[in-house]
Amino acid sequence: MELGLAEGPPVDADAAPAVVTIGSFDGVHRGHARILERVRDRATALGAEPVVMTFDPHPRCVLRPQSCPETLTTVAEKAELLGSAGIHRLLVLPFDVKTSQWSAERFLERLCATVGMRSLVTGPDFALGHNRQGDLAFLRRWGCERGVQLEVVEPVLLDGERVSSSGVRAALVRGDVGTAARLAGRCYCLDGALHPIPAGSARDERGHYPGHDEVALAVPEGKATPRDGVYASWVRVAGKWWMAATVIMARPTPGAGRPAIEPWLLDFANSLDGEVVRCCFVGRLGEEGPDATAGRPEARSARRAAQVRALLTDRPHP
């Protein structure tokens, strides 16, 4: 992962050719996968390096902060997913108001000073530069002058709908983690450290699962989370996967911060305090509140454990 773009003369594309794609790539979903596949194929044909250039933060968070989208993948998660897709060179451009004023020509000049771009692969709605002046028509003209081929990849459709990062976010808002997984091509996951639940948390309003650490998952600010409820999940601890019922519940006071995310691992007897885990959501089991928690805690946890096992037994971990 490389931060920023170089300045100066362009890299010799004959000596160090590259096939490049540019975008936010938030979620690295099935639509992105089609573009990445074409980047890899084109790079192989040209004997070139496949390269992704992305932005941090999301440009919309700078240009329209009131509509800043929650993040599906942090930069580190994005780098991991791109690496798994065969893209091992990631250029991350820190995006701010000054950068948003760059012309399309300046973006491309800085990019060519960083990599020897021989081919640019984009989606049909791609544009870059101030006021989106660098649209496909501009890029074709610029590419003809510079010897850079432009290739446009059509979007992926599922059930007649275009796969998009906003579609994944909308599914998470509904708690429909199954649809989010279909769009992304994998379960939606949260990474973070587990910490003891403080007094006054949502857990105090509903009781807790017995025989297990009372811990909550700390995730980065701005990271998208599924809606409130209890979910059948796979949780990775120290390289091993465990079935879990993961409860997501808003703080009892509006505006009191991030939702409480509390994984309850089945068959796990060790302490979870301080562990860094990955929690991957497979299915929503229902609500978790006063009405849903009636009865003895042991009976409730046994019921949830049975639901989790029924859903995950035939679903391999990520």
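1. A residue is called buried when its relative accessible area is under 20%, exposed when that area is over 50%, and partly exposed in between. The structure to which these words are applied here is a predicted model. With a relative accessibility of 41%, E80 therefore counts as partly exposed, whereas R278, at 13%, counts as buried.

2. These two residues are partners, for R278 and E80 form a salt bridge in which the closest N and O atoms are 3.0 Å apart. Because R278 belongs to strand β14 (residues 276-286) and E80 to helix α3, the pair ties together parts of the chain that are 198 residues apart in sequence.

3. Helix α3 itself, which spans residues 75-84, deserves a closer look, and its buried residues are E77, K78 and L82. Around the helix axis they cover an arc of only 130 degrees, so they sit on the same side of α3. As background, residues three or four places apart in an α-helix point the same way, because such a helix has 3.6 residues a turn.

4. What does the buried side of α3 pack against, and what is found on the face turned away from it? The buried residues of α3 pack against helix α1 (30-46) and against the strands β3 (49-56), β4 (89-94) and β9 (188-196), while the face turned away from the buried side carries the exposed residues A76 and S84. The helix is followed by G86, a residue whose phi is positive, near 90 degrees.

5. Strand β4, one of the elements against which α3 packs its buried residues, also takes part in a salt bridge. Its residue R89 pairs with E2, the closest N and O atoms being 2.7 Å apart, and this links distant parts of the chain, since E2 lies in strand β1 (residues 2-3), 87 residues apart from R89 in strand β4. Of the two partners, R89 counts as buried at 19% relative accessibility, and E2 counts as partly exposed at 31%.

6. The model holds 15 salt bridges by the rule applied here. Another one of them joins the side chains of R174 and D176, with 3.7 Å from N to O; R174 is partly exposed, with a relative accessible area of 46%, and D176 is also partly exposed, with 28%. Elsewhere, E2, E49 and R89 are joined into one network by salt bridges that share partners.

7. Turning to the aromatic side chains, the structure holds five aromatic pairs. One of these is formed by F55 and F107, which meet edge-to-face at 6.3 Å centre to centre, with 85 degrees between the planes. Because F55 lies in strand β3 and F107 in helix α5 (residues 104-112), this pair ties together parts that are 52 residues apart in sequence. Both F55 and F107 are buried.

8. A further aromatic pair, formed by W242 and F268, is likewise edge-to-face, with 4.9 Å centre to centre and 90 degrees between the planes. This pair links distant parts of the chain, W242 being in strand β12 (residues 240-249) and F268 in the loop between β13 (260-265) and β14, 26 residues apart. Both W242 and F268 are buried.

9. Which residues form one aromatic cluster with F55? The cluster consists of F55, F95, W102 and F107, so that F55 and F107, described above as an edge-to-face pair, belong to it as well.

Note on methods
Residues are numbered from 1 along each chain as its sequence is written. This is a predicted model: local features need pLDDT of at least 70, side-chain atom pairs count only at pLDDT 80 or more; totals for chains, interfaces and linings use all residues. Side-chain values use heavy atoms; hydrogens and water are left out. Buried means under 20% relative accessible area, exposed over 50%, partly exposed in between (1.4 Å probe, protein chains only). Helices (H or I, at least four residues) and strands (E, at least two) are DSSP runs, numbered from the N terminus. The arc is that of the directions from the helix axis to the C-beta atoms. Contact means heavy atoms within 4.5 Å. A salt bridge is a side-chain nitrogen of Lys or Arg within 4 Å of a carboxyl oxygen of Asp or Glu. Rings of Phe, Tyr and Trp (its six-membered ring) pair if their centres lie within 6.5 Å; planes under 30 degrees apart count as stacked, over 60 as edge-to-face and the rest as tilted.
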